[in-house]
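Trainee: Could you walk me through one part of this protein up close? I'd like to know how it sits among its surroundings.

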Amino acid sequence: MSSKNQPRPTSAERTAKAREQAKTIRDAQLKKEKRNSWLIRGGVLAAAVVIVVIIALIVIQTNKANEPVATTGPVPANTNVYGGIEFGKDGVLIPPTTTDASVDTGKLPAMPTAAPTAAFGLDGIGIKATDAGKPAQAVIYLDFMCPACNSFEKQYSEQLTAWQNDGTITLEYRPLNFLDRFSSGTNYSSRAAAATACVADTSPEKYKAFFDSLFTNQPAENSKGLDNATLKKLATEAGAADISSCLDNKTYRPYVANGSGLASAHGVNATPTVFIDGKQWKDGTLPDFVKGIVAAKK
């Protein structure tokens, strides 16, 4: 049948059809807007949940980092009760002569009532002259956030290693927590020192590599320092066994606090503080100081 024979819609029918089409378009637009609204709300809600979770994790980690440290704790294997680990010729570990298995910071000696000008009572922290013909004992107190300690290492590390390897000295490191107050509440000096204690306990042959890495990656004073994840990563990169649980559980934080307290009680009040053969180095260059001591021992 030809379309010419079909009746044309009336004006009212055309108007009704246009209204129906407009309603269909409007309803579809409203559904789309409603759907988009729910998607936006869902996205905002999901983002809010993520933010809450992140904040919660930060709070948990911060609270854990700031939890009180126990007053008692174990002494790491391969270290002495004074907070040190000692190496001899060719970097060979020298077993500690102290036999203490634990420390108790509640039993630390009284602190000096006035700022000392030099360390004293060195026998009480295992520092003494050695017999003639024996390597001189070198003890270095340091802090991993201390810029002067980093400068000392850059200037003298190679020389110290040479003296160690030719039998002139034994080399003992004693990390301290003196600069905790300069790490924005994260106690970085304590955490870094505890990390080295974890390495000393399980991987003493990797101690120096980790020690060097901490100075290579030294954070600035008044920063938060390296986080625990980074400390673990650096230890692994140095070849040490995993220190995760040791560090997270603050296993050797009492040990670090005890060593630092002993140092303070005996007049060590700055880092680096260096002793060679029972004598504190204060003036002149380190090579001249060591040469004088070696000459006197002959």
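Mentor: Sure, one term to begin with: a residue is buried if it has under 20% relative accessible area, exposed if over 50%, and partly exposed in between, using a 1.4 Å probe and protein chains only. Keep in mind that this is a predicted model, where local features need pLDDT of at least 70, side-chain atom pairs count only at pLDDT 80 or more, and totals for chains, interfaces and linings use all residues. Residues are numbered from 1 along each chain as its sequence is written, and side-chain values use heavy atoms, with hydrogens and water left out.

Now find helix 7, residues 253-265 (helices are DSSP runs of H or I, at least four residues; strands are runs of E, at least two; both are numbered from the N terminus). From first C-alpha to last, its 13 residues reach 18 Å, close to the 18 Å expected at 1.5 Å a residue (that's 1.5 Å times one less than the number of residues).

Helix 7 is mostly covered, with eleven of the 13 residues buried. Starting at the front, you get R253, P254, Y255 and V256 among them. Further along come N258, G259, S260, G261, L262 and A263, and then A265.

So what do those buried residues pack against? Contact here means heavy atoms within 4.5 Å. Four strands are on the list: strand 1 (72-74), strand 4 (102-104), strand 5 (136-142) and strand 6 (169-175). Helix 3 is a partner of helix 7 too.

Finally, look just past the end of helix 7: G267 takes a positive phi of about 90°.
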